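Biologist: Could you take a close look at the sheet for me, and at how its strands pair up? I'd also like to hear about the salt bridges while you're at it.

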Amino acid sequence: MRKVLLAAGMMILCHSSIAQLLSGAEAAKFHSSAQLVRMDERSGSPLFISFENNSFIPASSGMESFRSILNATSNDSWQLIRNDVDEIGMNHHRFQQYYQGVPVVSGEYILHEKNGKIVSANGMFYDGLTLSA
């Protein structure tokens, strides 16, 4: 049991050491309404982003509203996988990333929506991809 706890603790420490938390003006570089952004050096895109309470990013815009935040190109697209509603009434829209029409393994992003507006988002978006023949 101690080995399992030690391994879990090491994984948490390793993950937190490569994650960077941005707020204020640094977070606003991604979107004018961003209040908190968590970055990871494995990708140039945010792992998590939360928005100010008074912001309005319509949930109906889906992933298209995140194209500039994620530095997506015209080769990147998303397909809705599913929608879930939790016990407090938040909707969670899970999207699969595609690159030139090919699904990206573990490339998923989730938009968290309440009352028609996106309040936060998280996931893994892979940028700078290429396809080989």
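Modeller: Here is a walk through the sheet, and then through the salt bridges. Keep in mind that this is a predicted model.

Let's start with the overall layout. The sheet is an open one of 7 strands, in the order 1-2-3-7-6-5-4, and the pairing is antiparallel. Strand 1 and strand 4 (76–85) sit at the edges with a single partner strand each, so each has one side without a neighbour in the sheet. Going from one strand to the next, the twist averages 25 degrees.

Now for the end that begins with strand 1. Strand 1 covers residues 19–23 and runs antiparallel to strand 2, residues 34–40, with 5 bridges joining the two. If you want a spot to click on, try Leu21: the bridge partner of Leu21 in strand 2 is Arg38.

On we go to strand 3, which spans residues 43–51 and is also joined to strand 2 by 5 bridges, again antiparallel. Strand 2 and strand 3 make a hairpin, with 2 residues between them. You can follow this pairing residue by residue: Ala34 stands opposite Phe51 of strand 3, and Leu36 stands opposite Ser50 in strand 3. As a general point, strands of a sheet pair through backbone hydrogen bonds, either parallel or antiparallel.

So much for the backbone; on to the charged side chains. Searching the whole structure turns up 4 salt bridges. One of them belongs to the sheet itself: Arg94 and Glu108 meet through their side chains, at 2.9 Å from N to O. Arg94 is in strand 5 (residues 91–99) and Glu108 in strand 6 (residues 102–114), so this pair ties together parts that lie 14 residues apart in sequence. Arg94 counts as partly exposed, at 23% relative accessibility, and Glu108 is partly exposed too, with a relative accessible area of 28%.

Another salt bridge links Glu26 and Lys29, whose closest N and O atoms are 3.1 Å apart. Here Glu26 is partly exposed at 38% relative accessibility, whereas Lys29 is exposed, with a relative accessible area of 63%.

Glu64 and Arg67 form a salt bridge as well, and their closest N and O atoms are 3.1 Å apart. Of that pair, Arg67 counts as partly exposed, with 21% relative accessibility. The cut-off for buried is under 20%, so Arg67 at 21% falls in the partly exposed class.

Methods:
Residues numbered from 1 in each chain as written. Predicted model: local features only at pLDDT ≥ 70, side-chain atom pairs only at ≥ 80, totals over all residues. Heavy atoms only, no water. Pairing = 2+ DSSP bridges. Helix = DSSP H or I, 4+ residues; strand = E, 2+ residues; numbered from the N terminus. Buried < 20%, exposed > 50% of the residue type's maximum accessible area, 1.4 Å probe, protein only. Axes fitted to C-alpha atoms, helices over the stretch in contact; angles between N-to-C directions.
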